[in-house]
Amino acid sequence: MGRKKKPLLEDVLIEDIGAEGKALARIEGKVLFVPLAIPGDVVDVQVQKSKKSYLEGYVTQFKKLSDTRVDAKCEHFGVCGGCSWQPLPYEKQLMYKQKQVVSFFERQGKLKDFEARNILPSENTYYYRNKLEFSFSAQRWLSNEEIENGEENIDRRAVGFYLPKKFFRILDIKNCYLQPEPSNSIRLELRKFVFENNLEPYDQRNNVGFIRNIIIRNTSVGEWMVIIAFHNDSQWISKILEHLREKFSQITSLYYVINPKVNDVITDLEAKFYWGKPHITEEMEGLKFRISPKSFYQTNSQQAYTLYKVTRDFAELKRDEVVYDLYTGTGTIANFIAGSCKKVVGIEYVEEAIVDARINSADNEIKNTVFYAGDMKDVLTETLIEKEGLPDVIITDPPRAGMHPAVVKTILKAKPKKIVYVSCNPATQVRDIQMLEEDYKLVRIQPVDMFPQTFHVENVALLVRRD
């Protein structure tokens with residue numbers, strides 16, 4: 001017996017924005033989630049998934065466009081998985097992000113009596129990123145038109161982004177509006193050189209090929225780092241790197257990685273320095289922060305400064321206080337606040353980032369920081385707290401998955417007066433705050449828009465210990 005065919009819903013009015021930035025409508029008591037539409041659109045929707053309380057589908061036809069809709073800037077919109085909010089005017093993006101954050105805290109978290117400050121906008125809504133990674137592929141994604149015209153004579157090579165839910169398919173990117181020049185030019189020149197010399201792009205499905213990825217990083221002071229990942233060693237590596245060095249005077253640091261694994265992760269591999277400076281440098285309030293190939297740094301440099309100022313303001317530090325900075329990365333927050341307190345203890349998983357954090361303190365003549373590398377749940381222990389002292393304030397900026405329960409447990413035992421929780425995922429932030437709620441009161445939150453044209457948002461929360 002065949003599967004029941006999913007319905008085609010006609011003349012659906014999009015009413016709101018819901019989970020993961022998808023448009024939302026209501027059909028016969030169920031919520032319908034649809035990507036790439038915005039409130040005010042009237043659309044036909046092909047249902048793909050039908051659950052007890054919700055439906056998911058995709059737009060087959062736009063019957064009427066929303067009065068607020070604007071044209072998407074990027075030619076790849078609708079295929080590339082990024083920048084899905086381009087049709088929303090920026091003021092509407094901010095409104096829905098604010099609404100999303102507050103909803104997580106009030107509805108999902110059942111948290112009450114806190115101040116929700118208005119979201120802080122990004123000055124740049126395009127060309128704001130300081131890091132992008134592009135992948136090479138021997139099996140690029142083909143459009144329906146290309147498939148209909150026959151695949152026999154089509155060049156399947158590509159350099160671009162993985163498509164959502166299409167693990168082995170890369171969208172060949174012609175132009176990306178997220179990172180300023182020469183980002184696009186570097187990628188396109190590398191693409192041209194590799195393909196003209198018939199060098200084999202990586203085939204992830206079969207784990208064969210030569211060139212895999214290019215990571216491009218830049219800073220607000222005009223320094224550029226390029227890291228290229230290869231599947232195996234070859235005499236072509238130096239030829240490729242030399243070609244880029246000669247073509248782009250803006251590049252100040254060149255690295256390469258040999259990655260024989262199936263996955264693209266390079267944090268566990270050696271980044272081999274080739275030319276230039278071994279790092280790039282970011283500046284903030286006269287402080288300099290060095291960034292190495294595998295170091296984490298907020299991907300929107302300008303808004304990172306805004307985010308860190310909010311964090312410092314929420315902490316309201318005193319000169320005699322000890323601060324623990326969890327998930328410290330290259331020690332940016334730790335060094336940024338060091339002048340306002342007695343001591344900062346920074347903890348981070350990536351060893352290379354901690355090396356940078358220590359150097360950043362030394363370069364800026366900051367003498368009241370100490371840094372530890374390792375898994376947070378293993379490093380942040382009662383033994384460490386006995387050694388470094390009880391924290392008066394804890395600042396935590398974990399990855400999207402949030403904090404491990406063991407970390408939350410240790411924080412509760414340490415009993416800091418304040419916790420400033422920085423998060424790129426309000427859902428896990430709320431979950432963790434709920435675990436802290438018995439001992440800590442949520443005082444205020446401050447959303448910060450780090451990622452225009454997307455539904456992603458950063459949020460800072462202040463918690464104060466209950467008496």
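## Exercises on strands, helices and cores

In strand S21, the residue that forms a bridge with Val393 is Lys418. The exercises below build outward from this pairing in what is a predicted model.

**Exercise 1.** Determine which strands pair with S20, and in which sense, and establish which residues of S20 are buried on each side.

*Solution.* Begin with S21 (residues 418–423), which runs parallel to S20 and is joined to S20 by 4 bridges. Turn next to S17 (residues 322–326), which also pairs with S20 in the parallel sense, again over 4 bridges; here Leu326 has Thr396 of S20 as its bridge partner. Finally, consider the two faces of S20 (residues 393–396): Val393 and Ile395 are buried on one side, Ile394 and Thr396 are buried on the other, and both faces are therefore covered.

**Exercise 2.** Describe how helix H1 packs against helix H11, giving the geometry and the residues involved.

*Solution.* Two packed helices are described by the angle between their axes and by the distance between those axes. For H1 (residues 90–108) and H11 (residues 426–436), the axes come within 9 Å and cross at roughly 35°, and the crossing is right-handed. The next step is to list the contact, to which H1 contributes Val101, Phe104, Phe105 and Gln108, while H11 contributes Pro426, Ala427, Gln429, Val430, Ile433 and Gln434. Sorted by character, the residues of this contact are 7 nonpolar and 3 polar, with no charged residue. To place H11 in its wider surroundings, note that its buried residues include Pro426, Val430 and Leu436, and that the buried residues of H11 pack against H10, S21, S22 and S23 as well as H1.

**Exercise 3.** Identify the residues that touch the most other members of the largest nonpolar core, and trace the contacts of Ile214.

*Solution.* In this core of 78 residues, the members that touch the most others are Leu190, Ile211, Ile214, Ile228 and Ile240. Strand S12 (residues 224–230) supplies the largest share, 7 residues. Leaving aside neighbours within four places in sequence, Ile214 is in contact with Leu132, Glu133, Phe134, Phe136, Ile186, Leu190, Val226, Ile227 and Ile228. Another core, of 36 residues, lies apart from it and has Met376, Leu384, Tyr421 and Leu442 among its members.

**Exercise 4.** Decide whether Asp113 and Gln453, which have positive phi values, are buried or exposed.

*Solution.* Asp113, with phi near 55°, lies in the loop between H1 and S7; because its relative accessibility is 69%, Asp113 counts as exposed. Gln453, with phi near 75°, lies in the loop between S22 and S23, and its relative accessibility is 4%, so Gln453 counts as buried.

Conventions. Residues numbered from 1 in each chain as written. Predicted model: local features only at pLDDT ≥ 70, side-chain atom pairs only at ≥ 80, totals over all residues. Heavy atoms only, no water. Core = buried A, V, L, I, M, F, W, Y, C linked by side-chain atoms within 4.5 Å. Buried < 20%, exposed > 50% of the residue type's maximum accessible area, 1.4 Å probe, protein only. Contact = heavy atoms within 4.5 Å. Axes fitted to C-alpha atoms, helices over the stretch in contact; angles between N-to-C directions. Left-handed = near helix turned anticlockwise from the far one by under 90°. Nonpolar A, V, L, I, M, F, W, Y, C, P; charged D, E, K, R; others polar. Pairing = 2+ DSSP bridges.
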